[in-house]
Amino acid sequence: MAAKIKKGDRVVVLAGRDKGKSGEVLSVDPKKGRATVAGVNTQMRHTKQSAQSEGGIVPKAGPIDLSNIALEDPKDGKPTRVGFRFEDGKKVRFAKRSGELIDD
C-alpha cells in the first residue's frame, strides 16, 4: 500500500499540545504509525559536549502519531485528506480538499 504521508511532506497537527502547528516531516515509522515533524512535540535533551557539538540543553523533535497529523493542502495550507488516482499510468497522491496533485 502506498504511504499517505511521506518524508518531506508539509503537515498540520490536528490534536495534542501542538495543535494548529505545521512543519515538515523528518521521518516516518509505518510499523509504529508515528512520524517526526520539525518543530512539533519538541523535547529537551541534555547533551554532553563533543568535538562536533557543544554541550547543553538541546531541543529535539519527538515522534507524533499519524492519526494526529494531516497533510497541508498545497492550495490554501489547511489540513486535507489524501487520495490516490492514476495519471498517465502512474499512481499519484492528491489533496481531497482541492483536488490538487501532491508533488513527490
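This passage describes the overall fold, the nonpolar core and four polar residues of a predicted model.

The protein is built from strands. Its secondary structure comes to zero helices and ten strands. Read along the sequence, the pattern is β-β-β-β-β-β-β-β-β-β. The overall dimensions depart from those of a compact globule. For 104 residues, such a globule would have a radius of gyration near 13 Å, but the protein has 16 Å. Along the principal axes, the C-alpha atoms fill a box of roughly 55 × 25 × 25 Å. Of the 104 residues, 28% count as buried. The accessible surface comes to about 7200 Å². Carbon and sulfur atoms account for 50% of that surface. Among contacts with a separation of 6 or more, 36% join residues 24 or more positions apart.

The largest nonpolar core has twelve residues. Its members are Ile5, Val11, Val13, Val25, Ala35, Val37, Val40, Ile64, Ile69, Leu71, Val82 and Ile102. Three elements give two or more residues each to this core: β1 (10-13), β3 (34-37) and β7 (69-72). Val40, one of the core residues, has both nonpolar and charged partners. Beyond four places in sequence, Val40 touches Val13, Asp18, Lys21, Ala61, Gly62 and Ile64. Of these partners, Val13 and Ile64 are listed in the core as well.

Asp18 sits in the loop between β1 and β2 (22-29). The residue counts as buried because its relative accessibility is 10%, and the cut-off is under 20%. Leaving aside neighbours within four places in sequence, Asp18 is in contact with Val13, Val40 and Asn41. Val13 and Val40 both belong to the nonpolar core. The link to Asn41 includes a polar contact: the Asp18 side chain reaches the backbone nitrogen of Asn41 at 2.5 Å.

Asn41 itself lies in the loop between β3 and β4 (42-47). The contact with Asp18 therefore joins one loop, between β1 and β2, to another, between β3 and β4, through the buried Asn41 at 18% relative accessibility. The backbone of Asn41 also stands out. Most residues other than glycine have a negative phi. Phi of Asn41 is near 55°, a positive value.

A second residue shares this feature. Asp88 has a positive phi of about 55°, although it is not a glycine. Asp88 is found in the loop between β9 (82-87) and β10 (90-95). The surroundings of the two residues contrast. Asp88 is exposed, with a relative accessible area of 83%, whereas Asn41 counts as buried at 18%.

Asp9 is another buried acidic residue. It lies in the segment before β1. At 7% relative accessibility, Asp9 falls under the 20% cut-off and so counts as buried. Beyond four places in sequence, Asp9 is in contact with Lys4, Gly23, Glu24, Val25, Leu71 and Arg93. Two of these partners, Val25 and Leu71, are members of the nonpolar core. Leu71 is 62 residues from Asp9 in sequence, yet the C-alpha atoms are 7.2 Å apart in space. With Arg93, the link runs through side chains. A polar contact of 2.9 Å joins the side chains of Asp9 and Arg93.

How values were computed
Residues numbered from 1 in each chain as written. Predicted model: local features only at pLDDT ≥ 70, side-chain atom pairs only at ≥ 80, totals over all residues. Heavy atoms only, no water. Core = buried A, V, L, I, M, F, W, Y, C linked by side-chain atoms within 4.5 Å. Buried < 20%, exposed > 50% of the residue type's maximum accessible area, 1.4 Å probe, protein only. Helix = DSSP H or I, 4+ residues; strand = E, 2+ residues; numbered from the N terminus. Contact = heavy atoms within 4.5 Å. Polar contact = N/O pair within 3.5 Å; in protein donor to acceptor, adjacent residues only side chain to side chain. Rg over C-alpha atoms; globule rule 2.2 N^0.38 Å. Areas by Shrake-Rupley, 256 points an atom, 1.4 Å probe, with all protein chains shown as cover.
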